[in-house]
Amino acid sequence: MRRSVLTIICFLVCSSLLHAQSDWMKKSREEASGRIKKDASDTVPTLWKKGGIFNVNINQGSLTNWAAGGDKFSFSVASNLNAYAFYKKGKNNWDNVLDLAYGYVNTTSLGGRKSDDRIGITTKYGYEVGKNLYLSALLDIRTQFTDGYLYPSSDTAKPTLVSRFFAPAYILVSPGLDYKPNDQLSVFFSPVTARYVVVVDDYLASQGAFGVDTGRHVKNELGAYLTVNWVKTLAKNIVYKTRMDLFSDYKHNPQNIDLFWTNSLNLQVNKHISANISLDMIYDDDVKVFENKKTGVLGPRLQVKQVIGVGFTAKF
């Protein structure tokens, strides 16, 4: 009897152990299979990296019986879009960036006028020839959306038309070397760059605007070009971005270097609310539309634009 009971107990224990072992082996196989699938998918390289950010800031104010004075009504809107598509495969690298901005302001005393206007398209292909060094070719186009005016201090004088869409447009075609130690920094230099200044508007062309010969629509320049792009995360939800372009025309006053420098500091409050501070500086020796108040002579000046805004943000 005891032997029968012991036999039954041994049988049950062995059956349990075999069943547990079978479950453990099945679970182990499933986990291993899942890891293999996950690891395999993780090793597939992503060729394209795409995204962008859109900001729009709106401000409105009104005054009624306000002893301190000021405009009775003011309204402004500023918007910008920065989108990118980066491709990387092996030694090949292709960067594409679209930069758009437009702003408008309306006040009781000054009326309506734009406060920002920019179209920027950059595409750059590079082939890696050394550690973090790429043999590259760059195409850059910069212009604006709508007409631009200089507003006189006198209320009776009319605004002066100084720019339009593709008047001017700056087109750069540049072979060179690109140093990219990481995704945040790019330093591109070319000793031989072709730059075209385009003024399609007949009126502005007849004025010889932006250095284009009177009556002509295109000016060709040949010179050296340097562009530095840097994006830095300063702290959580605080990002600084800068781009500086320098161009020296070999054929005309090479010592007068043209500057285009844009800076932005973005503070992300939450998913859809952000604050943005931007500072842009431009110097072009051929833009001689600014009057010296002491001498009354027109000439080039350092152009500075600064904007602070809080508004809606969308990332994609």
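Author: In this predicted model, a residue is called buried when its relative accessible area is under 20%, exposed when it is over 50%, and partly exposed in between. Let's put that to use.

Reader: Why is leucine 98 called partly exposed?

Author: Leucine 98 has a relative accessible area of 30%. Partly exposed covers values between the buried limit of under 20% and the exposed limit of over 50%, so leucine 98 is given that label. You will find leucine 98 in strand S3. Its C-alpha lies 5.7 Å from that of asparagine 82, and the two are 16 residues apart in sequence.

Reader: What makes leucine 47 partly exposed?

Author: Leucine 47 has 32% relative accessibility, so it counts as partly exposed. Look for leucine 47 in the loop between helix H1 (2–42) and strand S1 (48–62). Leu47 also belongs to a nonpolar surface patch of about 730 Å², along with Trp48, Trp94, Tyr125, Tyr127, Val129, Leu135 and Leu177.

Reader: How do you know that leucine 47 may join a patch?

Author: Patch residues need over 30% relative accessible area, and leucine 47 is at 32%. Leu is also on the list of nonpolar side chains used for patches. Strand S4 (residues 111–130) gives the largest share of this patch, three residues.

Reader: Why do aspartate 116 and arginine 118 count as a salt bridge?

Author: The rule asks for a Lys or Arg nitrogen within 4 Å of a carboxyl oxygen of Asp or Glu. Here the N to O distance is 4.0 Å, so the pair is accepted under that rule. In general, side chains of opposite charge can pair when their charged atoms come close.

Reader: Are aspartate 116 and arginine 118 buried or exposed?

Author: Aspartate 116 has 17% relative accessibility, so it counts as buried. Arginine 118, at 14%, is buried too.

Reader: Which lysine forms a salt bridge with aspartate 116?

Author: That partner is lysine 305, with the closest N and O atoms 3.4 Å apart. Aspartate 116 sits in strand S4 and lysine 305 in strand S16 (residues 303–315), so this pair ties together parts that are 189 residues apart in sequence. Lysine 305 has 22% relative accessibility and therefore counts as partly exposed.

Reader: What makes lysine 124 and aspartate 178 a link between distant parts of the chain?

Author: Their side chains meet in a salt bridge of 2.9 Å, N to O. Lysine 124 is in strand S4 and aspartate 178 in strand S8, 54 residues apart. Both residues are buried. Elsewhere, salt bridges with shared partners join Asp99, Asp116, Arg118, Asp280 and Lys305 into one network. The count of salt bridges comes to 16.

Reader: Where do Lys124 and Asp178 appear among the cavity linings?

Author: They help to line the second largest cavity, together with Asn93, Asp95, Tyr125, Gly126, Tyr134, Ser136 and Lys180. S4 gives this lining its largest share, three residues. The cavity has a volume of about 30 Å³.

Reader: How many charged residues are in the lining of the largest cavity?

Author: Six of them are charged, with three polar and one nonpolar. Among the lining residues are Arg195, Glu221, Asp249 and Asp258, and Asp, Glu and Arg are counted as charged. Phe247 is in the lining as well, and Phe counts as nonpolar. The space in this cavity is about 80 Å³.

Notes: Residues numbered from 1 in each chain as written. Predicted model: local features only at pLDDT ≥ 70, side-chain atom pairs only at ≥ 80, totals over all residues. Heavy atoms only, no water. Patch = residues over 30% accessible without salt bridge, like charges linked within 9 Å, V, L, I, M, F, W, Y side chains within 5 Å. Areas by Shrake-Rupley, 256 points an atom, 1.4 Å probe, with all protein chains shown as cover. Helix = DSSP H or I, 4+ residues; strand = E, 2+ residues; numbered from the N terminus. Buried < 20%, exposed > 50% of the residue type's maximum accessible area, 1.4 Å probe, protein only. 1 Å grid on protein atoms, 1.4 Å probe; cavity = no way out; pocket = protein on both sides within 12 Å on 5 of 7 lines; lining within 4 Å. Points joined across faces, edges and corners; volume = space filled by probe spheres on them.
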